[in-house]
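Q: Please take a close look at the empty space in this model. I would like one connected account of the pocket, the cavities and the helix packing.

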Amino acid sequence: MDLISFPGREWNEDYLFSCEQFWFVLDGATSLVPNKYSKEETDAKWYSKTFGKYLEKALLNFDKPISEIVKDGIHKIIAEYKKLAGGREIIDMPSSCITAVRKKNGRLEYFVLGDSGFLFKHNGKVKDFIQKRIVELDQINIDDMARIAKEKNINVVDARKYVQKDILKKRLTKNTEQGYWILCDDVKACDHAYQGELDLDNGDEILIYTDGFSEIWNLFKMYSEEQIFEEINRGQTLNDLYKKLYLVQEDDAGCNKFPRTKKRDDATAIYVKF
């Protein structure tokens with residue numbers, strides 16, 4: 001077993017937990033408005049951390065499916081946040097992607113909501129469990145940033161300010177049929193999660209990740225999904241892989257070779273071999 005979590009800036013809005021029975025990651029969505037009601041650096045960090053602390057205990061209840069546990073958590077955590085707000089207007093409700101995997105009765109129970117996910121290597125074949133709707137919507141903004149950067153002769157990363165309103169519009173479509181589904185204040189989102197159970201054999205492997213780590217294969221194409229497991233089995237640690245990712249991001253700090261909304265995101269991953 002191996003795990004890492006590195007911030008993309010001064011603080012980390014990802015949260016992870018690992019024990020013998022279950023593993024999960026949360027990726028808090030950075031707020032797009034200045035309103036802040038918690039004592040953390042951002043309310044996104046508060047949300048992922050508070051939800052994570054809840055899940056650490058709640059997932060010990062194996063009589064409840066993960067989806068029901070998450071639904072209970074939504075009611076609990078949002079009630080706490082509204083208390084923090086004290087009746088003040090909440091424009092951008094905190095939200096988070098979540099991937100939770102639990103070993104249950106010799107099988108693997110999973111729950112994926114948003115663009116965090118997990119790679120599952122079973123009988124030599126690798127499958128990626130991730131929802132791509134957020135990725136698709138983000139790509140629209142990234143394409144606009146690349147076009148504006150070319151027109152204005154600036155770095156792609158510096159063009160973000162010109163699409164900030166569009167990014168906020170996308171955020172406001174969360175948990176709607178026209179937008180995307182994510183962990184936030186609406187339990188209906190859980191009905192749109194990828195969830196189920198998988199056969200589990202000795203030697204199977206999982207790599208749970210947030211999107212800041214999956215840039216290794218999704219964006220920069222440093223390794224394929226299959227090669228990631230090969231590298232780990234050759235002795236590379238998740239920290240080794242992250243260091244390589246970090247250097248590639250530094251080499252493209254302006255986001256021109258590989259257009260994206262920021263130089264780097266928080267990067268979190270958990271690797272388990274059964």
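**Pocket, cavities and helix contacts**

A: In the lining of the largest pocket, α3 gives the most, with five residues. The model is a predicted one, and the account starts from this pocket. Its space comes to about 1,100 Å³. The lining of the largest pocket consists of 39 residues, and D115, D138, D211, T261 and D265 are those nearest the centre. Five elements, β3 (22-28), β7 (125-130), α3 (133-152), α4 (164-171) and α5, each supply at least two residues of this lining. Sorted by class, the lining of the largest pocket holds 18 charged, 13 nonpolar and eight polar residues.

Helix α5, one of the elements that line the pocket, also packs against another helix. The axes of α5 (residues 211-218) and α7 (residues 238-251) come within 10 Å and cross at roughly 75 degrees. Angles of 65 to 115 degrees count as roughly perpendicular, and α5 and α7 are therefore roughly perpendicular to each other. On the α5 side the contact is made by G212, F213, E215 and I216, which meet L238, L241, L245 and Q249 of α7. The residues of this contact of α5 with α7 are five nonpolar, two polar and one charged.

Next come the enclosed spaces. There are two cavities of 30 Å³ or more. The largest cavity contains about 60 Å³ of space. Its lining is made up of A29, S31, D43, A44, D92, M93, P94, S95, R171 and K174, and by class these are four nonpolar, four charged and two polar. The second largest cavity has a volume of about 40 Å³, and S31, V33, N35, Y37, Y81, E89, I90, I91 and D92 line it. This second lining has five nonpolar, two polar and two charged residues.

D43, in the lining of the largest cavity, and Y81, in that of the second largest, both take part in the contact of α1 with α2. The axes of α1 (residues 43-58) and α2 (residues 66-85) come within 10 Å, with a crossing angle of roughly 140 degrees. Only angles over 145 degrees count as roughly antiparallel; α1 and α2 are therefore oblique to each other. The crossing of α1 with α2 is right-handed. From α1, the residues D43, W46, Y47, T50, F51, Y54, L55 and A58 meet a set in α2 that includes I69, V70, I74, I77, I78, Y81 and L84. Across the contact of α1 with α2, 13 residues are nonpolar, four charged and two polar.

Note on methods
Residues numbered from 1 in each chain as written. Predicted model: local features only at pLDDT ≥ 70, side-chain atom pairs only at ≥ 80, totals over all residues. Heavy atoms only, no water. Axes fitted to C-alpha atoms, helices over the stretch in contact; angles between N-to-C directions. Helix = DSSP H or I, 4+ residues; strand = E, 2+ residues; numbered from the N terminus. Parallel < 35°, antiparallel > 145°, perpendicular 65-115°, else oblique. Contact = heavy atoms within 4.5 Å. Nonpolar A, V, L, I, M, F, W, Y, C, P; charged D, E, K, R; others polar. 1 Å grid on protein atoms, 1.4 Å probe; cavity = no way out; pocket = protein on both sides within 12 Å on 5 of 7 lines; lining within 4 Å. Points joined across faces, edges and corners; volume = space filled by probe spheres on them. Left-handed = near helix turned anticlockwise from the far one by under 90°.
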